[in-house]
Amino acid sequence: MGAFILNSSFCMETEPREGARNIETNMSMALAGMATSSLTISSSTSKFQKFGRNHTRRPNSWRKLGIRAEVNYVNADEAKKLVADEGYSVLDVRDKTQYDRAHIKSSYHVPLFILNEDNDLGTFVKRTVHNNFSGLFFGIPFTKPNPEFLESVKTQISPESKVLLVCQGGLRSTAAANKLEQAGFQNIACITSGLQSVKPGTFDSEGSTELQNAGKAGLITIQGKISAVLGTVLICAYLFITFFPDQAEKLLELVPAG
């Protein structure tokens, strides 16, 4: 019986020790595995970083791998430096009416949208509604996407050239940049917010107005004058009724009843 107790106590003391050894062994193996994985990941990361650095130096390799260039968005002063110091060509993608009002000297002009002169019934209705609202008040022409945009650009500018895209508000130049990227152009820049943000004198320009005002047309351009005339008429009417009430009443009596 005593032997049994001794053996039992020996086993009770031995088993925890063996269990502790097993736990320590397992932890050591796990740590070793983690260290090996860390080394493998570190080695792979190093190779990937070297790969990335090599291809950063060679934009032509990007094209082979299907990687598209990043468009450089700049303000007006930065755009001026790109043209003057880095040899960027200016590509104006506005419609012809805005381009004729004002454009940067020596710029290329390929409109992203052209006048829509289709005569089907649906287009006729849309054009009529447009011309009686946006066309009348804001001078915006009724247009459609230019199907020959890319072909026209490529006949004037090579995909290897540095291109500064400009429009009036920044949206059309962004859309044009996307098309040129897909066509293989690698060095593209756009003016943030377009030519409407360009201060007078920043670029040498041609046309009847400043670059920032080339998008203004229609009745909105004379709304200030219309408001001034209406305001003057209302003030005069108020003064006449105030100082000559009898005459004003007689004039109102002459107005035929509705």
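## Contacts around V74

Contact means heavy atoms within 4.5 Å. Keep that cut-off in mind for V74 in this predicted model. V74 touches A79, L82, C190, I191 and T192, not counting residues up to four places away in sequence.

Where does V74 lie? V74 is part of strand β1, which spans residues 72-74. Its relative accessible area is 5%. Buried means under 20%, so V74 counts as buried. One of its partners, C190, sits 116 residues away along the chain. Even so, the C-alpha atoms of V74 and C190 are separated by 6.2 Å.

## The chain as a whole

The chain has ten helices and nine strands. It holds 258 residues, and buried residues make up 25% of them.

Contacts can join residues that are far apart in sequence. Take the contacts between residues at least 6 apart in sequence. Of these, 72% join residues at least 24 apart.

## Two cysteines without a bond

How many disulfides does the structure hold? The number is zero. A disulfide is a covalent bond between the sulfur atoms of two cysteines.

Look at C167 and C190. The cysteine sulfur closest to that of C167 belongs to C190, and the distance is 7.8 Å. A disulfide needs sulfur atoms within 2.5 Å, so this pair is too far apart for a bond. The view from C190 matches: its nearest cysteine sulfur is that of C167, 7.8 Å away, and C190 is in no disulfide.

Are these cysteines buried or exposed? C167 is buried, at 1% relative accessibility. C190 is buried too, with a relative accessible area of 0%.

## S173 in helix α8

S173 lies in helix α8. Its relative accessible area is 1%, so S173 is buried.

Which residues does S173 meet? Leave aside its neighbours within four places in sequence. S173 is then in contact with V93, L165, V166, C167 and C190. That list includes both cysteines from the section above. C190 also appears among the contacts of V74.

## Salt bridges

How many salt bridges does a search of the whole structure find? It finds four. Three of the pairs are described here.

R94 forms a salt bridge with D92. The closest N and O atoms are 2.8 Å apart. Both residues are buried. R172 pairs with D95, and here the closest N and O atoms are 3.5 Å apart. This pair links distant parts of the chain, 77 residues apart. R172 is in helix α8, residues 171-182. D95 is in the loop between β2 (89-92) and α4 (96-101). Both R172 and D95 are buried.

K144 and D118 also meet in a salt bridge, at 3.2 Å from N to O. They too link distant parts of the chain, 26 residues apart. K144 is in strand β6, residues 143-145. D118 is in the loop between β5 (113-115) and α5 (121-131). K144 is partly exposed, at 25% relative accessibility. D118 is partly exposed as well, with a relative accessible area of 31%. Partly exposed residues fall between under 20% and over 50%, which is why 25% and 31% both qualify.

## The largest pocket

About 210 Å³ of space lies in the largest pocket. Eleven residues line it. Which are the closest to its centre? They are D95, Q98, I140, P141 and R172. Two of these, D95 and R172, are the partners in a salt bridge.

The lining is mixed. By class, it has four nonpolar, four polar and three charged residues.

## Two serines with positive phi

Most residues other than glycine have a negative phi. Two serines here have a positive one.

S106 has a phi of about 65°. S106 lies in the loop between β3 (102-104) and β4 (108-109). Its relative accessible area is 73%. Exposed means over 50%, so S106 is exposed.

S193 has a phi near 70°. S193 also sits in a loop, between β8 (187-191) and β9 (205-207). Is S193 exposed, partly exposed or buried? At 36% relative accessibility, S193 counts as partly exposed.

How values were computed:
Residues numbered from 1 in each chain as written. Predicted model: local features only at pLDDT ≥ 70, side-chain atom pairs only at ≥ 80, totals over all residues. Heavy atoms only, no water. Salt bridge = Lys/Arg side-chain N within 4 Å of Asp/Glu carboxyl O. Buried < 20%, exposed > 50% of the residue type's maximum accessible area, 1.4 Å probe, protein only. Helix = DSSP H or I, 4+ residues; strand = E, 2+ residues; numbered from the N terminus. 1 Å grid on protein atoms, 1.4 Å probe; cavity = no way out; pocket = protein on both sides within 12 Å on 5 of 7 lines; lining within 4 Å. Points joined across faces, edges and corners; volume = space filled by probe spheres on them. Nonpolar A, V, L, I, M, F, W, Y, C, P; charged D, E, K, R; others polar.
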